[in-house]
Amino acid sequence: MATDLSRPEDRAYFDHNATSPPDPRVVEAMLPHLGVLHGNPSSVHAVGQAARAAVERARRQVAELLGGSAPEVLFTSSGTEANNAVVRAAAAGGGRLVVSSLEHPSIRVQAEELAGQDIDVVSVTPGPDGIVSADRLLDAVNEDTRLVALMLANNELGTLQPVAEVGRRLRDRGVPLLCDAVQAVGKVAVDVHELHVDYLTLGGHKFHGPIGAAALWVRGGAPFEALLVGGGQERHRRASTENVPAIVGLGVASEIAANELAERRRHLQELRDRFEQRVTALAGVTIHCAGSPRLPHTSHVAFEGVDAQTLLIRLDLRGFAVSTGAACASGVVEPSATLLAMGIDAKEALASLRISFGLTNTPAEIDAFLEVLQEEVAKLRHTAEVPV
Amino acid sequence: MTLVVAPSVELETAVAKVESRAARNATIAVAMSGGLDSSAVASLLHRRGHSVVGLSMLLWDQSTQRVHGRCCGALDLGDARAVADEIGIPHYTLRMDDEFRRHVVDPFVEDYLAGRTPSPCVRCNTWIKFDLFLERADAVGADYIATGHYARIVEGDGEWELHQAACLDKDQSYYLFELTQEQLARSLFPLGALTKNTVRDYARQERMLVAEKGESMEVCFVASGVQQFVEEQAAARPDFFPAPATTPSEIVDTDGKVLGRSSAPYFRYTVGQRRGLGVASSEPLYVLGVDAKNNRLEVGPDRELVAPGLLGERLHWIGRPPAGPVEATVRIRSRHDGVGATIHTLDDGLARVEFETPQRGVAPGQAAVFYEGTRVLGGCRIRDRWEGTSV
């Protein structure tokens, strides 16, 4: 029964919100930088200059995808690093941080860690639709507020948040807005000016780029403190030698995303709709936030009376990779804080799977998945031995 | 270049004998703790061509505390995962900390507070490592479970028998006396006929990353010492646990005469204990009984410590329950040599165990396990001393 782990390529992969396979064009563009074009962008000589040119090209590619300008783009190692940097810098002088409870831990936990004497952190929960209301978020903003953080799309539910509205209304009050767009970039159109944000983060590996390169867009003139110091790279905003191959990959992934967005979105939505139409035909299945504006590729489904962790294992052993949401390094599954915050009870939260499709998925894979899913859910419900 | 050496013939033969029970295409879930033994089991079964799934149980999450090297620490689960990666088998971690707290940790604290000497490892094996784990393994579709226990399962006359490990130094059969026929039928103990050295040699030969790992501690979840642990747990949940007496215990002799006051709380004392009483006497004094209700320790000389028998509860027979009294060797704690005894089955899961020669240290809360040669017949939990028919 257990599939051969030495052949992960035989698996159907439906966990693109965790990470997505790099586009072959991305890999091709990266390869020379792992070989002959190995230079350090800070070097004066031609080898260094070639590397520097590659990094600057990637910066333009990312800027174009976001509708910003290249000097506003800062490369980091990860979305986590970028989010940490913005939150820390904002809290440096004390005051209030207003954070949606949907935020990724790199924002939520970072803010909680800073909370104390000078820093007051207000967390705003979403409604049952998986969306944080702009009014409620803005109600939490006072004169001392140094930063508001609202993600563009939630990693678990895929729900799109009212970032543009919040941004527009904050603009008049002079409070900066951080938008974690890691899950959204490459799947829906993202324009920093339309969103009225001051900081926006994206990560390459969530949209078919490589792991190890991410970007932070900082609106010209917005305050920023470097997290890493001791080098002049990235205009003194991030010391350390640039990860040139990954940055090149991120650039190419951005260019591809910009060119192919409409087509990509249609493909993803077709896959997701095919899955959701058929999965809802099964008894006791609920798709969370189905009526809310969502990313085109994410589906969060509760299977009544089923322990999702057990279901995940059974699906994995049959060759289908899905997710129950956040898992720690040892693989332990927690009930989703996001679902709990929406008012969904722990039992339903622990009965839910996240399925996130990607460009390489096919309708045939989804049909095969549905067949196995139906079998496994029936077995688990039948044995009724599922611990609660 | 790596030199490939086949595992020793002894090991191959022993493992082959155990696994021959499992059908060729069966899926075996290995309970992986991250320790040497269960890691070796996973490796051996995989190497011999079985379909193996590694399952780890998160029992007691103390990721903030340094409890590495103990069987239930979250850090060890990282080792389990790394070993599974190394072997090339799928691995999943099951969160079972709620169950572990309810079935093992809470009763452990309750036992201490009630003046008993708990056997958390028996409870963990019975409730967690077999009952619940088997349920979870079933749920993910496994046909058998395999563990790193040193004990043997033998097919007897129409029923499964549990026997001591071939290597008596490592024998863990005492902790397994509550297993049922159904559980034995579905469990594999591939190490039962092996010595620890053979297992370690195998792990070294395979260059497993846990090859040099030490033994896990007896009470894995207690990082800070029993007294502190019990006090912390009781203080953290005052509505759940009775508040332990904070004043020193009264020390009385068998006539009820007060001899003094103890230096530590009553729950730090175990029947048979001599140290730490702090009362002067012409002869050495031992704890005879712990009376939690009255915060009192009864003490007496060595000769009063011995009991001619014990009263047990939760009596369990691994095979068919006997029709009449049973003669067996009884172990009243894990490292007890055993004593000849007659076991009488009473009503309501109770038992009376009459020793051939009186025994020291019959401690309420401990397990009394019955053996016939190497075979484990069953056992019970010690409720009290039995003082004999005519006192």
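Helices and strands here are DSSP runs, a helix having at least four residues and a strand at least two, and both are numbered from the N terminus. The model on screen is a predicted one.

**Chain A as a whole.** Begin by selecting chain A and colouring it by secondary structure, where 13 helices and 12 strands can be picked out. Its radius of gyration is 21 Å, close to the 21 Å that the globule rule gives for 388 residues, so chain A is as compact as a globular protein of that length. If you turn the C-alpha trace along its principal axes, chain A spans about 65 × 55 × 35 Å. Half of the chain lies inside, in the sense that 50% of its 388 residues count as buried. Among chain A contacts between residues at least 6 apart in sequence, 71% join residues that are at least 24 apart.

**The sheet of chain B.** Next, hide chain A and display the strands of chain B, five of which form an open sheet with parallel pairing in the order 3-2-1-4-7. Strand 3 (91-95) and strand 7 (187-188) of chain B stand at the edges with a single partner strand each, so one side of each is left without a neighbour in the sheet. Moving inward, select strand 1 (residues 27-31) and strand 4 (residues 144-146) of chain B, which run parallel and are joined by three bridges; on zooming in, you will find B:Ala29 with B:Ile145 of strand 4 as its bridge partner.

**Helix 5 across the sheet.** Now add helix 5 of chain B, which lies across strands 1, 2, 3 and 4 of that chain and runs at about 125° to strand 2 (51-58).

**The nonpolar cores.** With the sheet still displayed, show the largest nonpolar core, a set of 150 residues in which B:Val30 and B:Ala42 have the most contacts. Helix 5 (residues 120-139) of chain B gives the most to this core, namely eight residues. Centre the view on B:Val30, whose contacts, leaving aside neighbours within four places in sequence, are B:Ser38, B:Val41, B:Ala42, B:Leu45, B:Val52, B:Gly54 and B:Ala146. For a second, separate core, bring chain A back and select A:Phe75, A:Ile131, A:Leu177 and A:Leu250, which are included among its 76 residues.

**A helix pair to finish.** Lastly, return to chain B and select helix 2 (residues 36-47) together with helix 7 (residues 196-205), whose axes come within 10 Å and cross at roughly 65°. The crossing of helix 2 and helix 7 of chain B is left-handed. Show the side chains of B:Leu36, B:Asp37, B:Ser39 and B:Ala40 on helix 2, and of B:Val199, B:Arg200, B:Tyr202 and B:Ala203 on helix 7, since these residues make the contact.

Key
Residues are numbered from 1 along each chain as its sequence is written. Chains are lettered from A and ligands numbered from 1 in the order in which they are written. This is a predicted model: local features need pLDDT of at least 70, side-chain atom pairs count only at pLDDT 80 or more; totals for chains, interfaces and linings use all residues. A nonpolar core is a set of buried Ala, Val, Leu, Ile, Met, Phe, Trp, Tyr and Cys residues joined through C-beta atoms within 7 Å. A residue is buried if 20 or more other C-beta atoms lie within 10 Å of its own, exposed if 12 or fewer, and partly exposed in between; C-beta atoms are placed from the backbone. Two residues are in contact if their C-beta atoms, placed from the backbone, lie within 7 Å. The radius of gyration is taken over C-alpha atoms; the globule rule is 2.2 Å times the number of residues to the power 0.38. Two strands pair if DSSP finds at least two bridges between them. Axes are lines fitted to C-alpha atoms, for helices over the stretch in contact, and angles run from 0 to 180 degrees between N-to-C directions. A crossing is left-handed if the near helix is turned anticlockwise from the far one by less than a right angle, and right-handed if clockwise.
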